[in-house]
Structure formats: structure tokens, C-alpha cells
Amino acid sequence: MIKFEQPVLSINNLNKQFGKGCPSCKGSNEDSLKKNYCPVCGTVYACQNIMFEVYAGEILGVVGESGSGKSTLMQCLYFDQEVSSGEAYISSYKDGKTDVFAESSQQKRYIRNHMMGKVYQNPLLGLRINFTSIGNIAEKLIAAGNRHVGKMEARGKELLEHVNIPIYRMKEAPKNFSGGMQQRVQIAKALSNNPPLLLLDEVTTGLDLSVQASVLDLIKTIQRELQITVVIVSHDLGVIRMLADRTMVMLDGRIIEQGLTDQILEDPQHGYTQHLVQSLL
Amino acid sequence: MRIEYNFAFFDEGSKREIRRATLKAVAIPGYQVPFASREMPIARGWGTGGLQLTLSLVGKEDILKVIDQGSDESVNAVNIKKLITKTTGIKVTDETSEATIIQSRHRIPEIPLQAGQILVLQVPLPEPLRYYEPSELETKKLHAEQEYSGAWLMLFEQIMNYGTMSTGADHPAMVHDRYVMAPSPIPRFDNPKLNHSQALILLGAGREKKVYAVPPYTRVESLAFEDFSFEVEGFKNKYCGLCGAKEVFLDEMLDDLTGETFYQCNDTSYCLQRLNQKSAG
Amino acid sequence: MGYVAVKGGIQAIEESIKRLKYERLKKGTVLKFQQIEGGMRCLIDQVMSESSLYSETLAAMAIKQAEGSPEEAVFLLRAYRSTLPRKHYSRTVQSEDMSVERRISSSFKEIPGGQILGTANDYTHRLIDFDLNEETEHDALEWLREYALERGVDNDQADLSNLPKTLDYLREEGLIPTFEINSDEPDDVTKESLHFPTSRSQRLQILTRGQTGAVTSLGYAALRSYGALHPTVGELRIGKLPIYVDSPFQDQKEDEDAYYIGEIKVTEVETLFPAEVQKGNGEKEIEFEIGYGICYGQNETKAIAMSILDRCLETANPEYPTHNEEFVLLHIDSVESTGFISHLKLPHYVTFQSKLDSVRKTKK
Ligand SMILES: Nc1ncnc2c1ncn2[C@@H]1O[C@H](COP(=O)(O)OP(=O)(O)OP(=O)(O)O)[C@@H](O)[C@H]1O
Ligand SMILES: [Mg+2]
Ligand SMILES: [Zn+2]
């Protein structure tokens, strides 16, 4: 893996809490928490002191048990949730010198429309379920400034073909699609304007094994072809093993271990990771 | 118990408040200014927004024209005129060029408006993004951030589904390169008349409590794609059966006896004026 | 000689208006305001509440003109209200000062000051009273005289204008949270249109002037299924509240300088909703949260439904439309909903022609 000087995305000290906190848990004093939860006031510390970098063309895997904060992290990265504190730098935005979390919501929207794509764990959040499938893809293209119907339609068709949605169903609304198809429409949408950064949250969860394999293949092919940078979240280490160059392990809102995927699989340091790896074998 | 109504129905304080909202609307072309819309003696949805604007502006010297669907004689136009004259005693006219204030529902007159005139349009649904986003709080943010993908997406969906932009009336327009506005349900035929209009155009939505404006000589561009241009309703090779006018908005009529379709000017006062000129000349 | 426009429109309208008058008068009877004020108390209360204009006389006039249609009467009063400048705001009204006519609690059998059933339909059998057919004014006077005598014997000693609030009792026990008095100037929804998210004062104003049926239906929906709240009526009280305005000439706003300008009859409801709260020691406790409803006149169902919706909108659970403030507040106003629905009767020739053109294009 060649690392370039500047990471595509770099996250510094990201914190996200749900709830106000109380004297007992302020400063997220680990001893006072049950996992990531304050039993006194009910505040959830979903992400704590998250720091990492992703480099161009790299696939970064995020693995961790249910509730460990993976989706929350992805929501923060895509500006769906406001972070409680922390900074983020994106190399394609103002030379990577400006903290994007501190930008106006208009700027955030711009970054999201032009520089990112995301597949949500829940397709209802990522799609306009009653609009046509091709319209769903066009929404992202329009948001990035496209105003040519023919070109957008052609691009939409190309992408739908790529994700194996038959073109003759492109005018159908995703509400009539199966879960796997919805996920694939989301992938097509996320890829539509060749974003330098792609965020994938549990893209294969809930899909049967054959579809799962074809979606993973698809991601791999697309990533190789387009050389995009990917952050992929899964609680399934199998998925991570297949795709990720590097992996971060999350537990109770914290990163407990990160490194090359092979390394983590062969020589896990943290007890939780060891347990996870064992169950995979 | 008998109480006399004030000139132009409202108390002076209320009028002043509506004028303040109007001034703000003129200062920010296309921006929907919220105002404390009053209940009127005519029903919500029957032109109370327009009526409030007219009543707040009207002075003793003004000459008023009211049209509904192109007709000075339509039930609702007559009703509104009656209320305004009853509470002001001002002069009314059917002639577009003679009027200082023209209140209208669903049409802009065929005779070009002149500097110094005010056109007041009645608006049922002021929000061009409502189809895309049901929440008022959200659409307010979208306007603030100049995020109009939703308006374009609506048109894109129409093209995908029907092969053409199928907005009937109320085709959205960009005002002064900043705000997308609902021009009220005027036919597409009238949209071009908004652009660089010599007259001040005010739009009032009573039930939704918004006022917005197109000041004189403001750029108003109907939304269209690079490869799907904006088209007005076509009345090719058709003409008014009474006055012979071409290139005007025509009403389609059915002859009771012959069962044949024929056409008539929708703007009745325009038609009448042409008939009178013909018979004089 | 030139052409003239066909004046059919004007004439047709005039005929229609005449027809309306004919329908009102055709049986040869003319209703007197006094008859409406005397015999249609509940309709007057409903109309005043939905109009948010407190005047029995004006309400009676509107009801007469509207031939008893509440929708139409409210419309008339609201339009009239638009011509009235707002010159003063009253001083804050304390509902402890109410001169109580009816007061019940379904939470406690014994409340300080006692339950007062007062005037209510609740305890009647809904059987049509055919005797009313023969009722005469003479009978009425006779009955009133007897009733006065009867009441004279059993003179009530309680001071009905200083009854404690039932909820204070729970508050002292710490079963409902206490809050600081909020003395912020309330927003005035008649002066400034709603902006979301709304303030509580805006919500309460829109709810209290909501259409009785609409408020009741949405409150019922929240009770039955959407949120499945089951509140208890802590206290429902009906009675008259004195209204004071500050002297416009004095800078110092002292109580004794304020002017008494009259009294209004209101229904006030406080409902209790059990809710889980997390306490400092890590344990969960049940506390009561409160829903508040208040309406002009005696409008008990509406006031209770209002208190339910007040609670719903405070909780703002996104799962239910009854908890969504845009859904509730933008759709319960009588003038707005009836107006927009009735506008469908207006001609839509131009829009329809335009749509026709689009439809034809899609067929090509
Ligand atoms: N909107 C919210 N309000 C309150 N708590 C939340 C919210 N969203 C997430 N949480 C809490 O944050 C924690 C992390 O949730 P998150 O969805 O990020 O987990 P996850 O790692 O993606 O789990 P899964 O593998 O099940 O998808 C959980 O304890 C969750 O209850
Ligand atoms: Mg998740
Ligand atoms: Zn805490």
C-alpha cells in the first residue's frame, strides 16, 4: 500500500454523545460508565476520542459489536449528525486545511454533494423511497450541479447496470424493491458523481449469501476501477477481511485497535479482538 | 349594535404591518416573507393573500381591476371587487391599461403591464419545494442554503415518467438568480411575462401566510434542463373564435349543437377590446 | 356601439345571495339575538372559542347570520376580528382567581374544596325530552322562581373564588416536577405567523382556537393509538376569570392601578400523564407530566383534547403525526381548513387547460 503525503480524510478527537451528561459522567470518565452508557443520567457516549486517517485508494474497515458506535461515526462523517466535538479535514476541500465540522451547513452540503457518497444501513434513510430509482440517482447528480437530463439518464443507466438492476425497472420506485435491490440502488446513487470518498454502512447486512457476495464483488471492482477511497463499516469480520486494507476495531464508542487487516487477523492485541477473530475461524 | 368598517377594511396598524412585509419582499426578490395573515371576509383559498396586499396598498385615487381565470366577470373576481369597493369606494375598471392595481388569480393579462402598475397574484401554495419536502422547517433551510435540487428533481421525475415536463400551471422559476419561487398557478404561457416586467408583481398567500415579490425589471427564469427547454402551452394554428387573436392563452370550448371544439381568448377584457377596435375601425 | 362584457356573473351572484336570505326567512320567523344568547349557550361558547373573540352578543349575531353553522359563524367573527386593532394586553390571569361554577377531578375523590358538579350534560340520559315541545315562557318563569327558593334554603358557604388547584397537592408531595415561573412575553400568533420549531405559547394559542372537531379527533387519535397516552384529568374547572389591563398612563405597573375590564368564562383542564424519569441515583421513577388545556366558554371535550395535544407536542415523538407540530398546528384551524377545501369550488379553467396541454403532450 502506497501512502501519499496527505490523507484523503483525517479525523481528530471526534466525540459524539447523546444526552447532556451529568457530574458523574462528564469528561467521559470510563469508570462511571457501563459500556458507553451513563447509568445515572442515561447519556450515551456513542463515539469517544476517535482519531484516524484514510489515504487515497485505500479501503478502511470499521468493525465492532452492535451498538459500538459505527453508524454514529458514519453519520458524523456525512454530517447527518452534528459532532459534540472534534475536527475533520478532507484533502479535496480547501487543501485539507479547514476543519469541515466547523463549516456552515451550506458548505457541509456542498462537500457532501461533491466529495462524498454514502450507503446507509437503513435504505429508508438513503433513498427517496417513492421516487423513481433513476430519479434517486439523479438527485445526487442534480445536487452536484448537473442540468442535462440525457447525460444524467445515461449515467444512471450505466450505474444501474453496474449494480445489476435491470434498466427496464429504472422507473420503478425502490419501495417496490427487495432489500438487496434497495441497497444496490443506494450504491449506484452513492457512486454517481465519482466521489473521492465513499462511506458504506453495513451494505451487506440482511442480504442472503449469494447477493452478499455479488455486492462485495461489486464494491471491490468499482473501487479498483475508480481508485476511490472507502470507509466500510460492518460487524462482520468476514466482510472486513475480504475488503479492507486496514481495519479499526471499535468497542463501546472507542477505537481499541487499528492496523493492517492481515495483522489484526493474525495477531490481535486486545482481548475483544482476539475473541472476535476466534469466532471467525 | 352597529359598527362602521375602516377605509379598506383593516385598521391602519394592520395595513402598515402588511406593507412592511411587502417592502421586505420587494427588497429580497422571490423570498417568501412570513406575515401575520388576517382572516378575511372571503374564505381562505379564495384569494385572501392577494386581497390583504391590495387592501394594504389601495389609496383613494387607485383604479382597480380584478380578474379570476382571465375573466373580470367570474364569480370570485366580482366578489372581491365588491368587497374592495364597498370598503373603499374606489373606481374599478375592466381595462388593463387603465388600472393601477390589478389583482388576479391564475392569469397575467395579455396586454403588457406598464411601469407604475402593480399586479397582485393570489397564491394557494407558495412553496415550490413542498412536493419534495413536506416540512416547513426543512424547506426554510433549503431556501436559506439555496439548495434547489428538489425542484429540479421534481421536473426530472416528470420527464422520466411522462417524457416531458408535465407541470401544468405553477411551473417553478428562479428569481434574480437566488430564490426559486412558485409563480402561483398561472399557466406556463404567462411565466415569461414575469421576466423583466415593467410592473411590480406581488404574490400573496393568505392561508400559508407568506408574501413575496418580483420587483420591476427583475430576471425571472423558468426552470429547465439544458436538453429539455421550458415550453409554454401550445395553441398552434388555433385562434380566438370571437376576435381572431393568435398567440394568446385560449379557453377550449365545446359547441353544444355541433359538438365541435372551438377556442376563445381566456382574457375576456382583451378580447372585448379587440372586438371594439374592430367594429370602430 | 361597441361590445360589452356579458354581465351574467354579477347577476347570478346577486340572485344566489337573495336565495340565501330567502332560505333564512322563508318560514316567516326572525330569530332574536336574545333567543340565541338565551337558548344556544353551547353553540355560542363553541363559536367564541374557535373565533378567539370573546363576545356573546357578536357570536349570537354571527350565528343568526350563519343560520347556525358554526363554521360560517366562526368565519364571520374572525373576519371581524381582523378589523380590530390590539390596543392592550391584559395582565396575567391566575386561574386560582376563578369564580368556580364547576370543578371535578378524576384523580382524587376528595379534593381540597370539594368536587362541584355544576352544569353538565354528563349525568343526563340522552333521551329526547318531548315535553320541551310544550314548554312556555310562563313555565320557564315559574320554574326559575321555584329554583331560586330552593337554592335560598341551602345556601352554600364555600368561597368559590379562591379554590386551591388540585395539582398543587401533588406538587407539594413531589409527584409532579416544579418549574420556575416563566415570565417571558408570550408570542402573539395573530401578530406574527408561526415559525417552526414553535414556542409553547404559540402552540397553546393555536390549539385553543382550533376547530372543536379537529382538536377532539386528533386528541382522540393520540389517546386511542398514536402514542397510546392515557391521561387522568387532574382537574377540570369552569368559571369566570376577572380580566385587568395595566393603566396606559403609569410606568409603574402596580396591581392597584390596573383596570378591571370584565370577566370571561373559561374551561381549564390539567391532565396528568405518567412518565418515566431517570433520577440522580441511577434509578428510574415515575413522575407525572402535565398537559394543559384552556378554552373560552364551556367546551370540556375540546379542552381535554387540547391538554392531550399539548402533551403530545411537548414530547414531539417523531413516530406519530399527533406529536408532529407541523401536522397538528397547521391543520386544525377552522377558517383555514374549511376555506381551502371550499376553494375547490372555484373555477380552475386555466390550470385545468394547462394540465390538459401537459397530458396531451405526454400522450404523443
Ligand atoms: N439518535 C440517537 N439518540 C440516542 N442514542 C443514540 C442515537 N443513535 C445512536 N444512539 C446510541 O449510540 C450507540 C451507538 O449506536 P450505533 O448505531 O452507532 O451502533 P452501531 O455500532 O452502528 O451498531 P449496529 O452494528 O447494531 O448497527 C448506541 O448505544 C445507540 O443506542
Ligand atoms: Mg450500525
Ligand atoms: Zn451522566
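Rings of Phe, Tyr and Trp (its six-membered ring) count as a pair if their centres lie within 6.5 Å. The structure shown is a predicted model.

**Figure 1. An aromatic cluster joins residues of chains B and C.** Tyr5(B), Phe9(B) and Phe10(B) belong to the cluster. Tyr80(C) completes the group. Over all chains, the count of aromatic pairs comes to 14. Two of these pairs, in chain C, follow in the next views.

**Figure 2. Phe108(C) and Tyr169(C) meet edge-to-face.** Their ring centres are 5.4 Å apart. The planes stand at 85° to each other, and over 60 degrees counts as edge-to-face. Phe108(C) sits in the loop between β1 (99-104) and α6 (137-153) of chain C. Tyr169(C) belongs to helix α7 (residues 166-172) of chain C. The pair therefore ties together parts that are 61 residues apart in sequence. Phe108(C) is partly exposed, at 23% relative accessibility. Tyr169(C) is also partly exposed, with a relative accessible area of 39%.

**Figure 3. Trp143(C) and Tyr147(C) form a stacked pair.** The centre-to-centre distance is 5.0 Å. The angle between the planes is 10°, and planes under 30 degrees apart count as stacked. Both residues lie in helix α6 of chain C. They are 4 residues apart, about one turn of the helix. Trp143(C) counts as exposed, at 51% relative accessibility. Tyr147(C) is partly exposed, with a relative accessible area of 35%.

**Figure 4. Chain C, the setting for both pairs, has 13 helices and 4 strands.** Its C-alpha trace spans about 85 × 65 × 55 Å along the principal axes. The chain has 364 residues. Of these, 38% count as buried.

**Figure 5. Ligand 1 has 13 residues of protein around it.** Ser66(A), Gly67(A), Lys70(A), Ser71(A) and Thr72(A) come nearest. By class, the shell holds 3 nonpolar, 7 polar and 3 charged residues. Helix α1(A) gives the most to this shell, with 3 residues.

**Figure 6. Oxygen atoms of ligand 1 lie close to polar atoms of Gly67(A), Ser68(A) and Ser71(A).** At Gly67(A), a polar backbone atom is 2.8 Å from a ligand oxygen. At Ser68(A), the backbone again supplies the polar atom, and the distance to a ligand oxygen is 3.2 Å. At Ser71(A), the polar atom is in the side chain, 2.8 Å from an oxygen of ligand 1. Taken alone, ligand 1 exposes 640 Å². The protein buries 64% of that area. The elements giving two or more residues to the shell are β2 (44-54) and α1 (70-77) of chain A.

**Figure 7. Ser71(A) and Gln121(A) are the protein donors of the magnesium ion (ligand 2).** Ser71(A) donates through OG. Gln121(A) donates through OE1. These donors lie 1.9 to 2.3 Å from the ion. Ser71(A) lies in helix α1 of chain A. Gln121(A) lies in the loop between β5 (116-119) and α3 (123-126) of chain A. The two donors are 50 residues apart in sequence, so the pair ties together separate parts of the chain. Gln121(A) is partly exposed, with a relative accessible area of 40%. Ser71(A) also appears in the previous view, where its side chain approaches an oxygen atom of ligand 1.

Methods. Residues are numbered from 1 along each chain as its sequence is written. Chains are lettered from A and ligands numbered from 1 in the order in which they are written. This is a predicted model: local features need pLDDT of at least 70, side-chain atom pairs count only at pLDDT 80 or more; totals for chains, interfaces and linings use all residues. Side-chain values use heavy atoms; hydrogens and water are left out. A residue is near a molecule or strand if one of its heavy atoms lies within 4 Å of it. A polar contact is a pair of N or O atoms within 3.5 Å; within protein, one must be able to donate a hydrogen and the other to accept it, and residues adjacent in sequence count only if both atoms are side-chain atoms. Accessible areas come from the Shrake-Rupley method with a 1.4 Å probe; for residues, only the protein chains shown count as cover. Ala, Val, Leu, Ile, Met, Phe, Trp, Tyr, Cys and Pro count as nonpolar, Asp, Glu, Lys and Arg as charged, and the others, Gly among them, as polar. Donors are N, O and S atoms within 2.8 Å of the metal (3.2 Å for Na, K and Ca); water is not among the atoms, so sites may look incomplete. Buried means under 20% relative accessible area, exposed over 50%, partly exposed in between (1.4 Å probe, protein chains only).
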